[in-house]
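The following exercises ask the reader to work through a structure step by step. Each task is followed by a solution.

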Number of protein chains: 2
Amino acid sequence: MGITKTQIFNTEQNELAIMFKVLSNPARIAILQYISQQNACICNDIVDEIGLAQPTISQHLKELKSIDLIRGEIEGKKVCYCINLKQWTAVQTLLNSFFETTKDNCC
Amino acid sequence: MGITKTQIFNTEQNELAIMFKVLSNPARIAILQYISQQNACICNDIVDEIGLAQPTISQHLKELKSIDLIRGEIEGKKVCYCINLKQWTAVQTLLNSFFETTKDNCC
DNA sequence: TTTTAATATTGCTATATTACGATGATATAT
DNA sequence: ATATATCATCGTAATATAGCAATATTAAAA
């Protein structure tokens, strides 16, 4: 999306934006939901489940990994992805606290 | 961002993605924080506060309005923006419930 | 009514994103 | 060793986004 002037914003603002951005795509939402439903990890059943090409899924997984929301464990030829619960909760807390703080200031 | 294949995802997934997307920019985060801190509404002090050109701010405000997160009240020449608390809370609940549901399924 | 101030809209450029085919890397299976 | 399956990376096309200058719009003020 064009150049974002990250320099003029503080770390918190930039980090919040990055987390929101990683989640701002329906494919990535679907991937997260699917991975979580498999309880255990899964691999590129994701490709079959979601209707996108394998490279596309792989790229989305990479973005989810970039903020450590999921982890990929190599098992032979396959890679099993699962939600990183610790980071998941941390992100949830961070976003939630943004909502709370803003709400408190407001009215 | 290139074409997103929204057709292959369900309404919930697409709506979540849209909300995350609106919040996925540090300028919009900063605008929301600033508006909320002013307690009452403010106008284009936002332009002075944030270091971006007036058209850019105007565009960001439009995107925030698109999901009804803020409201602009016209007061003569000026427009006073404020957080729409009802929608703010609704979005918070929706996102939070996404985090919770996914977490519950997971482990 | 003309000017001025505040905001929105338009048009443009530069860069990011989504998606995919082709290719590369790696590990099991034959 | 060779083939096959799984996944990642590269390169590229199409589209979206961020930002701004210029311009339009609107309303108070002169």
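The exercises below go from the fold of one chain to the relation between the chains, and then to helix packing and single residues.

The model is a predicted one, in which local features need pLDDT of at least 70, side-chain atom pairs count only at pLDDT 80 or more, and totals for chains, interfaces and linings use all residues. Residues are numbered from 1 along each chain as its sequence is written, chains are lettered from A and ligands numbered from 1 in the order in which they are written, and side-chain values use heavy atoms, with hydrogens and water left out.

**Exercise 1. Describe the fold of chain A.**

Step 1. Helices (H or I, at least four residues) and strands (E, at least two) are taken as DSSP runs, numbered from the N terminus. Chain A has five helices and two strands, and the order of these elements from the N terminus is α-α-α-α-β-β-α.

Step 2. Along the principal axes, the C-alpha atoms of chain A fill a box of roughly 50 × 30 × 20 Å.

Step 3. Burial is assigned by relative accessible area: under 20% is buried, over 50% is exposed, and values in between are partly exposed (1.4 Å probe, protein chains only). Of the 107 residues of chain A, 44% count as buried.

Step 4. A contact means heavy atoms within 4.5 Å. Among the contacts in chain A between residues at least 6 apart in sequence, 48% join residues at least 24 apart.

**Exercise 2. Determine how chain B is related to chain A.**

Step 1. Two copies of a chain are related by a rotation about an axis and a shift along it. The superposition is by least squares on the C-alpha atoms of residues with pLDDT of at least 70 in both copies.

Step 2. Chain B is superposed on chain A by a rotation of 180° with 0.0 Å of shift along the axis, at an RMSD of 0.1 Å. The two copies are therefore related as by a two-fold rotation axis.

Step 3. In chain B, the C-alpha nearest the axis belongs to B:Phe20, at 2.5 Å from it. The same surface serves both copies, since 100% of the contact residues of chain B recur in chain A.

**Exercise 3. Characterise two helix packings that involve H2(B).**

Step 1. Axes are lines fitted to C-alpha atoms, for helices over the stretch in contact, and angles run from 0 to 180 degrees between N-to-C directions. Helix H2 (residues 26–37) and helix H4 (residues 54–66) of chain B have axes that come within 10 Å and cross at roughly 80°. H2(B) is therefore roughly perpendicular to H4(B), where angles under 35 degrees count as roughly parallel, over 145 as roughly antiparallel, 65 to 115 as roughly perpendicular and the rest as oblique.

Step 2. On the H2(B) side, the contact is made by B:Ala27, B:Arg28, B:Ile31, B:Leu32 and B:Ile35; H4(B) contributes B:Ile57, B:His60, B:Leu61, B:Glu63 and B:Leu64. By class, this contact has seven nonpolar, one polar and two charged residues, where Ala, Val, Leu, Ile, Met, Phe, Trp, Tyr, Cys and Pro count as nonpolar, Asp, Glu, Lys and Arg as charged, and the others, Gly among them, as polar.

Step 3. Helix H5 (residues 85–106) of chain A also packs with H2(B): the axes come within 7 Å and cross at roughly 30°. A:Phe98, A:Thr102, A:Asn105 and A:Cys106 of H5(A) meet B:Ile29, B:Leu32, B:Gln33, B:Ser36 and B:Gln37 of H2(B). The classes here are four nonpolar, five polar and no charged residues.

Step 4. B:Gln33, in helix H2 of chain B, is buried, with a relative accessible area of 13%. Leaving aside neighbours within four places in sequence, B:Gln33 is in contact with A:Glu12, A:Gln13 and A:Phe98.

**Exercise 4. Examine Asp68 in both chains and the surroundings of A:Asp68.**

Step 1. A:Asp68 lies in the loop between helix H4 (54–66) and strand E1 (70–75) of chain A. Phi of A:Asp68 is near 65°, a positive value in a residue other than glycine, and A:Asp68 is partly exposed at 27% relative accessible area.

Step 2. B:Asp68, in the loop between H4 and strand E1 (70–75) of chain B, has a positive phi of about 65° and is partly exposed at 28%.

Step 3. A:Gln87, found in helix H5 of chain A, is 19 residues from A:Asp68 in sequence and 6.5 Å from it in space, C-alpha to C-alpha. Not counting residues up to four places away in sequence, A:Gln87 touches A:Ile67, A:Asp68 and A:Leu69.
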